[in-house]
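Let's take a walk through a protein together, one stop at a time. Keep the picture open beside you and look for each place as it comes up.

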Amino acid sequence: MSLVRRAVPEDAAELLRLRQVLIDSMPGADTSTGWHAESLATVRGRLADPHGGFAAFVVDHPERAGALGALVAGTLEYRIGRPRNPHGRIGYVFSVATDPGVRRRGYARACMEALVEWFREEGAGQIDLTASAEAAPLYESMGFVRTPDPLMRLKF
C-alpha cells in the first residue's frame, strides 16, 4: 500500500502550510503569510475538481494527525504542439515541499512519482519544473535535465 494519495479539499490548509515551508526556504522570498486566508477557498476549489488540470499528491505526516508530511503539486497546461509533443500538453511542477521534521524519508520522491504518472495518464508530452540546487539531484535521478530555455517573468 502506497503512502502517497491525491490531495482532497480538506487538505487545502495543509497544502498552504507546506507551500509556505517552500517559500520560506528561498533566499529573499516574501515570507508573509497573509495570503493564506485569501488563497484557501481557491485551493479547495481546485482540489475539488478532478478534471481541472491541477493535481497535488501528498503523504500524511507520520507523527501528527491531520498534518501533511510532503506535498507535490502541478498543473497540466496547453501550448501549441510541436515535434515530440504534437498535442501541446505540458506538465508543470510548482510545489515540492516536505515538512522539516520528516525529511530524507523518500516522501518527496514518492509524491513526484505519483505526479509524473498523473501527467503521463493526462497525455503530457513533457514536464517542466524549476529546481533548486538542493533538489536537482532528486529530479536528475528521475530523468529531468537542465534546458537552455531562459525564463523571464512579468508581475502585475
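In which loop is R104 found? Keep in mind as you look that this is a predicted model. R104 is in the loop between β4 and α3. Its relative accessibility is 84%, so R104 counts as exposed, the cut-off for that word being over 50%. R104 also has a positive phi, about 70 degrees, although it is not a glycine.

Now move to the loop between β3 and β4, where you will find R84. R84 has a positive phi of about 70 degrees too, and it is not a glycine either. With a relative accessible area of 80%, R84 is exposed. In the loop between β3 and β4 you also meet N85. Is N85 buried or exposed? N85 has a relative accessibility of 5%, and because buried means under 20%, N85 counts as buried. The side chain of N85 reaches the backbone oxygen of R89 at 3.1 Å. Leaving out residues up to four places away in sequence, N85 touches I90, G125 and Q126.

Next, let's look at the sheet. General background helps here: the strands of a sheet pair through backbone hydrogen bonds, and they can do so in a parallel or an antiparallel way. In this model, five strands form an open sheet in the order β1-β2-β3-β4-β5, and the pairing is mixed. Why do β1 and β5 each have one side without a neighbour in the sheet? β1 (4-6) and β5 (126-129) stand at the edges and each has a single partner strand, so one side of each is left without a neighbour there. If you ignore direction, neighbouring strands of this sheet are turned by 25 degrees against each other on average.

You can follow the pairs across the sheet. β1 and β2 run antiparallel and are joined by three bridges, and R6 stands opposite F57 in β2. β2 and β3 are antiparallel as well, with seven bridges between them; here F54 stands opposite T75 in β3. Nine bridges link β3 with β4, again in the antiparallel sense, and G74 stands opposite V93 in β4. Pause at β3 for a moment: eight of its eleven residues are buried, so β3 is largely enclosed by the rest of the structure.

The turn from β2 to β3 holds another stop. G66 is placed in the loop between β2 (54-60) and β3 (68-78). G66 has a relative accessible area of 76%, which means that it is exposed. G66 and E10 are 56 residues apart in sequence, yet their C-alpha atoms are 9.5 Å apart in space.

From the sheet we can go to helix α1. Does its span fit what a helix should give, or what is its length? Helix α1 (residues 12-24) has 13 residues, which at 1.5 Å a residue should span 18 Å; the C-alpha atoms at its ends are 18 Å apart, so the two values agree. Which residues of α1 are buried? They are A12, E14, L15, L16, L18, Q20, V21, L22 and I23. What covers these buried residues includes α2 (35-48), β2, β3 and β4.

One of them, Q20 in helix α1, deserves a closer look. Q20 is buried, because its relative accessible area is 5%. Its side chain makes a polar contact with the side chain of H36 at 2.7 Å. Not counting residues up to four places away in sequence, Q20 touches T31, S32, T33, W35 and H36.

Finally, let's go inside. In soluble globular proteins, nonpolar side chains tend to be buried together. Here the largest nonpolar core has 23 residues, and those with the most contacts inside it are M112, L115 and Y139. At least two residues of this core come from each of β2, β3, β4 (89-98), α3 (107-121) and α4 (136-141). Helix α3 gives the most to this core, with eight residues. What does M112 contact beyond its neighbours within four places in sequence? M112 is in contact with V72, V93, V96, L129, Y139, M142 and F144. There is also a second, separate core of 17 residues, which includes A12, F54, L68 and A73.

How values were computed:
Residues numbered from 1 in each chain as written. Heavy atoms only, no water. Helix = DSSP H or I, 4+ residues; strand = E, 2+ residues; numbered from the N terminus. Buried < 20%, exposed > 50% of the residue type's maximum accessible area, 1.4 Å probe, protein only. Core = buried A, V, L, I, M, F, W, Y, C linked by side-chain atoms within 4.5 Å. Contact = heavy atoms within 4.5 Å. Expected span 1.5 Å × (residues − 1). Pairing = 2+ DSSP bridges. Axes fitted to C-alpha atoms, helices over the stretch in contact; angles between N-to-C directions. Polar contact = N/O pair within 3.5 Å; in protein donor to acceptor, adjacent residues only side chain to side chain.
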